[in-house]
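I opened this notebook to keep track of what I looked up, one topic at a time. The entries are meant for someone who has not seen this structure before.

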Amino acid sequence: MSRERYLLLYAIFALSGAAGLGYQFVWTKILALSLGHEFASLMGVITAFFLGLCAGSWVVDKSWLRNVNGVRLYAAAEVTIAASSALAYHTEPVVAAFASAMLGEIPAPFLQWAVSFALPLFLLFPATAAMGVTFPAMERFVSRTLLHPRAVAGLYAANTGGAVLGVIASAYVFMPSFGHGHTLLLFVLINVICAGVVLRLDQTPSSQLLPPLPFPVLLGKRPAIILFMSGLLGIGLEIVAVRVLSQVFEGTIYSYAAVLAVYLLGTAIGAELYRNFARHVNREKLLTGLLLGLAAASQLAVVMLDMARDMYRASRLALGDALTSVVISEAAIAVLALAVPTLLMGAMFSHLVQDCRDHGASVGSAVAVNTLGAACAAPLIGVVLLPVVGIRGTLAILGAAYLALISLKQWVPWLAVAGVIGFALVVPRHLQIMTLRQGEWIVEYREGVLVSAAVVGKGSERNLRVNNRYQMGGTGRDAMRQQARQAHIPLLLHGDPRNALFLGIASGVTVGAATRHSSLHVDAVELVPEVLALLPFFVPQNAAPQHNPRVRLINADARRFVRASSSRYDVVVGDLFHPALDGAGALYTAEHFAAIRTLLADDGLFCQWLPLYQLDEPTLRTIVATFLSVFPDAVAVLADENLEFPALGLVGGRLRLDKPETSNSDSILAQHLEVLDLREHVNQSGTFLAGTHALRSYMGDAPIGTDDYPRVTYLAPRFAAQRGTLSYGRLPSLAASNPAEVKMIGGDERIERYVRARNTALSGQIAEREGRFTEALEFYRASRAFSEDYKTAHVRIILLEKRLKH
């Protein structure tokens, strides 16, 4: 075979690697929608994927496939990947519905683990097993046509380098442009192309092929142990790095893609360096050096990960806030943290597999054992080790394990192992990455398998912070007021709710406020168990919902719970989900909103709160369009007149403002509502911001987000990372809508005047914030003239006149 044909063969194998990692990336997102975003679900998908690869690699060198031409076997595997992937994609909705029915609302842990593993294994096993065939099959062909049959490192470098392109193309181009389904079908086409091209290249005469290898010998005990452990420890280090860097980076889908791409690129370069420079090094000495290097690199990772926050901040300040700048910053920090260990991992995999082949063992079996170790990493390290010994302890144990692999007979490595384990026992369990502002301190810190959660104190305030980045409620005066109003507004707009569902709990202040309605029973769903564990730190402000007999706290994925629930609710409230957070985009799809609609009672309401300060115009318009596709008569309400953190509520269902008042019949509730300026009917109805016609005009031709194309997932990160944006920038266009639309849902002249006054005062607040004080004063005076019920305008006039005098 000519050199040009060899180069094309390696290019095709790189393209195959791109499709393989592209599949993994897409399927992880698709199955998370079905199984939920709990840790069990995410780890189940990864474990099933690796087990399929393991099985495929294992069967390649069995007697019934041993003498099959490598190229034909490879082409058959590519066709199988394409066909089974397409079939799995069209079968997934039916299988997912069956799995949802099995899991129910609150599945037992063992059942959830079993289903989360069985569903992806059932769907993906044919495709992943065929993927496992491709590497040994290609190695079989190349090694029989090269004069120097040491093809493992070169093929691994090409395939893994292609995987880098697959991750980048999937996350940054294909999925944002085409959605999940079309991206997956694009990879199906790539598999077919790979199969066709390699068959065209297979023109090597039989006389030029090296004789087939004899029946492979069994893997030795020590090589098998090292292969298994290197797979386990390598993926274990990836899990730890992703977990730590999630507290540093923006936490979007692009953040995970950057870390994964760097990890794969490092292993590809390591394999290529091994191919070019390590052929003539003593094999045992090289293995010892690689293991020592990995042991040291795993401990160096502690230092690098600890420095990652400051390095990332410096990079962002230097490069700016554009999405490309954020991606470059995240990738650069991932390189600094992972470059050394991944280079060594790529070299060691190539060395181990090539050594097995050179000694007559099967390449397929060697790869299978290594992949089996990788499959065990998620449950053993992610589920068992991380929660028990923390991040620092886990990295120390990884280093000790690498040292232990050097030799089972030498006492010196075992002495080093003892030293590393001792280090793990005395260092703090947590690698706490917390950015504290002046006057802040950590009240409580919890490190979980999904996120880290902390209660941060400042003066008398307590705030909940997740992954060092996402503020999720607190006890500050303004925050308390807005959180409480987010509970009361939808409940009061309903008029007489008996049961309610809250999706998202955070500090518990919103759920606690709902318990002020004495006849209300509440179900509240929270994904992160550490958040539930921190609820006592926000007592008494959250009214201790964990001890209220009328409240049922549920640790579950909101999407999965909604689809599995058979309950009916008068009111459903969606919390202020951070739209850019990886996974949160699934809570803004038409399918999710439709599932919520099935839970509503005949006169039920659904209110989805939106953080306007985290949404740009295209993202907000897409959410509005999606909501209106399910609730065609939806309206918008405003949580409070907080321009720093404005929250918009989209309300769907049977909303009527001419229902009789019920709040004043409960004196305790009435006093609470008085403090929140919600006691009077005009105040409650006056939260109206925009009617259906105004929302339809605002959304324009914005596309609808679906499970197959969760547009918010890809749109929101482009805005979330920007600094210095106007938090209220989307508010003026909505506030400019016609207040008369309130009459279409039962409002009267009094409410219309109140809404008009409130909207005018909002324009005054904006003018005041921008330094246009005279104009602001004119707005406030006009607001006061519109409605006597709107008291805020009078207060602002007094304050601003005093300010102007001084």
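The entries below go through helices, aromatic rings, strands and a few loop residues.

**Entry 1: what kind of model this is**

I noted before anything else that this is a predicted model, and I kept that in mind for each entry that follows.

**Entry 2: the helix α5**

I asked how far apart the end C-alpha atoms of α5 are. Helix α5 covers residues 152–201, and although it has 50 residues, its end C-alpha atoms are only 20 Å apart, whereas a straight helix would reach 74 Å at 1.5 Å a residue. I then looked along α5 for a kink and found one of about 120°, centred on G179.

**Entry 3: the helix α8**

I made the corresponding check on α8, which covers residues 283–319. A straight helix of 37 residues would span 54 Å at 1.5 Å a residue, but α8 spans only 44 Å between its end C-alpha atoms. Where does α8 bend? I located a bend of about 45° at A308.

I also looked at what lies at either end of α8. At its start, a side-chain oxygen of N282 comes to within 3.1 Å of the backbone nitrogen of E284, and just after the helix, G320 has a positive phi of about 100°.

**Entry 4: aromatic rings**

I went on to ring pairs, and the count came to 18 aromatic pairs. For F174 and F178 I noted ring centres 6.3 Å apart and planes at 25°, and because planes under 30 degrees apart count as stacked, this pair is stacked. F174 and F178 are four residues apart in α5, so about one helical turn separates them. I wrote down the general point beside this: an α-helix has 3.6 residues a turn, so residues three or four places apart point the same way. I then asked whether F178 is buried or exposed, and the answer lies between the two: F178 is partly exposed, with a relative accessible area of 41%.

Which residues do ring pairs link into a cluster? I listed F13, Y74, F135, Y156 and F349 as linked in this way.

Two charged side chains over rings also went into the notebook. K29 lies over the face of F25, at 5.8 Å from the ring centre, and R711 lies over the face of Y709, at 3.8 Å from the ring centre.

**Entry 5: the hairpin of β1 and β2**

I turned to the strands and began with β1 (residues 440–447) and β2 (residues 452–458), which run antiparallel and are joined by seven bridges. The two strands form a hairpin, with four residues between them. To fix the register for myself, I noted that I442 stands opposite V456 in β2.

**Entry 6: the strand β11 and its partners**

I asked how many residues of β11 (residues 647–653) are buried. The answer is six of the seven, so β11 is largely enclosed by the rest of the structure.

I then followed the partners of β11. Strand β9 (residues 600–611) runs antiparallel to β11 and is joined to it by seven bridges, with C607 opposite V651. Strand β10 (residues 635–638) is also antiparallel to β11, with four bridges between them, and here V635 stands opposite V651. V651 therefore faces C607 of one strand and V635 of another, and I marked that residue for anyone tracing this part of the model.

**Entry 7: loop residues**

I finished with the loops. D707 is in the loop between α20 (692–699) and α21 (711–715), and its relative accessibility is 12%, so it counts as buried. I looked for a partner of the D707 side chain and found a polar contact with the side chain of R563, at 2.6 Å.

In the loop between α14 (529–533) and β7 (551–555) I found P540, which a cis peptide bond joins to V539, with omega about 10°.

I also noted two positive phi values in residues other than glycine. A506 has a phi near 55°, sits in the loop between β5 (499–503) and α13 (509–514), and counts as buried at 10% relative accessibility. D677 has a phi of about 60°, sits in the loop between α18 (667–675) and α19 (681–685), and counts as partly exposed at 42% relative accessibility.

Conventions. Residues numbered from 1 in each chain as written. Predicted model: local features only at pLDDT ≥ 70, side-chain atom pairs only at ≥ 80, totals over all residues. Heavy atoms only, no water. Phe/Tyr/Trp six-rings, centres within 6.5 Å; stacked < 30°, edge-to-face > 60°. Buried < 20%, exposed > 50% of the residue type's maximum accessible area, 1.4 Å probe, protein only. Lys NZ or Arg CZ within 6 Å of the ring centre and 35° of its normal. Pairing = 2+ DSSP bridges. Expected span 1.5 Å × (residues − 1). Bend = angle between axes of the 7 residues up to and from the residue. Polar contact = N/O pair within 3.5 Å; in protein donor to acceptor, adjacent residues only side chain to side chain.
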